[in-house]
Amino acid sequence: MGLLNKMIIALVNRKVAGDGRKVRARLERMTLAPMKAQEDFLMGLLRDNKDTEFGRKYDFASIHSIEEYRRRVPVSSYDDYAEAIYRMVEKGEKNLLTAYPVNHYSKSSGTMGNPKRIPFSDRAAGLTSDYVKSYMYALLEERGLLGLDPSLTLVESILTTLPNGATCGAYSAKESVNNQFFISRLFTPPFEVMTPKGNMNSRHLHAFYALKERNLSSGLSGFYSYFLEVIRYIEKNWESLADDIERGTIDESVQMPDELRHHLLTRLHPDPKRADEIRSVFRNPSDKPLVPRLWPRFRYLLGIGTAGFSAYTEKLKGYFGPGVHFAMYGVIASEGVFSAPVRLDSGESVLLPNSVFYEFLPVESSDYADLVTLDKLEVGKNYEVVVTNTSGFYRYKMRDVVHVVGRHNETPTIEFLFRADQTVNLVGEKTTEYALREVAKQTAERCGFEMLDYCMYPNTDAEPVRYDFLIEPAHHLPDDFDYAHARDVLDECLSKANPSMGDKLSKGIVGKSRLYFLQEETTLLYRDMMIMKGVSAVQLKPVRVIDNLLKKNFFYALIDKRFAKPE
């Protein structure tokens with residue numbers, strides 16, 4: 001890396017971390033009196049939006065307290081805003097839901113596959129920049145982890161333009177495009193790989209450019225699962241990757257647009273020294289973790305590694321060793337940023353009193369009249385989150401469930417658990433995605449195999465109805481694997497994770513669960529199929545509940561027949 005790039009990295013580190021220290025100091029003050037900050041936030045929001053169409057409907061101008069707001073404005077869902085969002089996007093109308101400028105929309109899956117376009121105001125963008133970028137830089141600076149070497153980014157920037165001229169996609173993509181000059185000097189791979197056009201084998205190119213950079217200092221991955229996927233790809237394909245690095249080329253079999261291939265090849269140079277370093281790592285087995293052997297300066301991975309991604313975090317520990325840190329974001333959604341980590345190497349994060357106005361529904365209740373404010377949260381309990389944000393959503397049901405871990409000063413700290421709308425409920429048992437995760441994990445541990453991934457199908461065709469667990473093991477199972485014992489263990493774990501399910505199993509209301517093992521690389525094949533359909537590789541979440549025919553047909557077709565025992 002040249003001197004100019006190192007100077008730019010030093011400049012960015014100093015500026016962003018400096019801003020982050022101010023954000024952290026402000027947050028520290030707010031956590032001492034969070035309800036005061038919440039009241040200030042909400043009253044300011046109502047004042048600023050009193051003349052919007054929504055504000056006039058509920059007479060924001062006459063609301064002067066949190067209690068009055070909660071009485072006046074009903075709890076809402078996306079459908080309550082769909083018509084206004086259509087007018088904003090398709091007709092360019094303004095001042096409907098929010099008075100703050102909206103120049104970007106996040107995209108997420110909607111009911112029956114209809115995409116949701118979620119407004120993301122400029123004010124929300126500022127808060128996201130504060131807590132997702134500046135705050136994290138300050139946290140890393142405090143631990144002495146910011147350096148002058150390049151980082152690996154696995155975040156792809158794919159944006160579309162809506163009829164009203166606003167962009168649509170992940171907000172991180174917009175940030176990357178807006179800051180291309182700095183991003184292209186702070187990170188590898190080349191910016192053209194970060195902003196793919198047409199069919200492109202992202203996994204190979206990310207692995208290639210990661211290996212090529214011997215002084216890699218850190219990684220940025222939207223989800224930890226994709227970083228693990230790239231590491232495993234390197235393990236399987238290191239020989240061909242090293243050969244290409246030695247020759248300064250990219251194998252013709254790697255899919256990408258011709259224009260991109262030509263552009264990348266003109267900038268590549270042979271590097272036999274680095275190729276030999278890579279070969280030495282893999283040809284000489286060692287007890288030392290792989291990542292520090294490949295990249296001695298690698299210090300941290302930034303991204304989402306909690307809840308459904310915690311299994312990937314656990315697996316990455318074996319690749320990292322004690323010298324590499326996990327910098328995990330707090331709870332972030334298309335609707336805003338809700339919490340920030342208290343420290344590195346922990347999934348615990350503190351609620352942000354000035355980002356959204358929070359209400360919480362105890363998970364044992366389905367009555368939104370039972371919503372409480374953050375000062376009423378109890379440590380150790382689980383709650384569904386309802387938010388009022390700066391982008392035009394008021395008392396909006398997020399359907400996210402969080403666990404209250406403890407407190408930072410006077411403000412609750414939380415961990416994200418699962419999506420409430422992903423609860424499986426065949427006969428009233430209400431099994432959460434968190435419970436399914438624990439069942440699969442504990443079954444693997446008790447039966448002596450390493451689980452790579454899993455999904456579950458609520459089988460309504462069977463009599464009686466039952467759960468089908470489909471697990472992809474990390475290694476081949478022996479031919480004499482005790483399948484019957486594993487099935488028994490599965491239901492024992494299921495009964496423990498959800499006693500209601502255990503009761504229904506014992507009474508025969510629900511049938512004995514089935515356990516299937518998937519063929520090697522099933523998960524990767526599914527990801528490749530979805531990428532071919534136009535989904536960004538780095539934004540793909542793992543399938544946990546099989547909820548449509550496409551997923552069902554795919555995963556059942558790849559069951560390892562050796563362990564698909566007759567019913």
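In strand β19 of this predicted model, tyrosine 467 is the bridge partner of proline 458. This pair is a useful place to begin, since it leads to the two strands around it and then to the protein as a whole.

**The hairpin of β18 and β19**

Strand β18 covers residues 451–459, and eight of its nine residues are buried, so that the strand is mostly covered. Its partner, strand β19, covers residues 466–473, and the two strands pair in the antiparallel sense over eight bridges. Together β18 and β19 form a hairpin, with six residues between them. The loop between β18 and β19 holds proline 464, and a cis peptide bond with an omega of about -10° joins this proline to glutamate 463.

**Backbone details in loops**

A cis peptide bond is also found between threonine 188 and proline 189, with omega at about 10°; here proline 189 lies in the loop between β6 (187–188) and α9 (191–194).

Two further residues deserve attention for their phi angles. Arginine 395 has a positive phi although it is not a glycine, and lysine 430 likewise has a positive value in a residue other than glycine. The table sets out their angles, loops and accessibility.

| Residue | Phi | Loop | Relative accessible area |
|---|---|---|---|
| Arginine 395 | about 50° | between β15 (382–388) and β16 (396–408) | 6% |
| Lysine 430 | near 50° | between β17 (411–419) and α16 (433–447) | 56% |

Are these two residues buried or exposed? Because a residue counts as buried under 20% relative accessible area and as exposed over 50%, arginine 395, at 6%, is buried, whereas lysine 430, at 56%, counts as exposed.

**The protein as a whole**

The protein has 20 helices and 20 strands. Its radius of gyration is 25 Å, close to the 24 Å that the globule rule gives for 567 residues, and therefore the protein is as compact as a globular protein of that length. Along its principal axes, the C-alpha trace spans about 70 × 70 × 45 Å.

Of the 567 residues, 55% count as buried. Among the contacts with a separation of 6 or more, 67% come from residues 24 or more positions apart.

As for the surface, the protein exposes about 25,200 Å², of which carbon and sulfur atoms supply 50%. The protein carries 74 positive and 76 negative charges, and the mean positions of these two sets are 3 Å apart.

Terms used: Residues are numbered from 1 along each chain as its sequence is written. This is a predicted model: local features need pLDDT of at least 70, side-chain atom pairs count only at pLDDT 80 or more; totals for chains, interfaces and linings use all residues. Side-chain values use heavy atoms; hydrogens and water are left out. Helices (H or I, at least four residues) and strands (E, at least two) are DSSP runs, numbered from the N terminus. The radius of gyration is taken over C-alpha atoms; the globule rule is 2.2 Å times the number of residues to the power 0.38. Buried means under 20% relative accessible area, exposed over 50%, partly exposed in between (1.4 Å probe, protein chains only). Contact means heavy atoms within 4.5 Å. Accessible areas come from the Shrake-Rupley method with a 1.4 Å probe; for residues, only the protein chains shown count as cover. Lys and Arg count as positive and Asp and Glu as negative; His and the chain ends are not counted. The place of a charge is taken as NZ of Lys, CZ of Arg, CG of Asp or CD of Glu. Two strands pair if DSSP finds at least two bridges between them.
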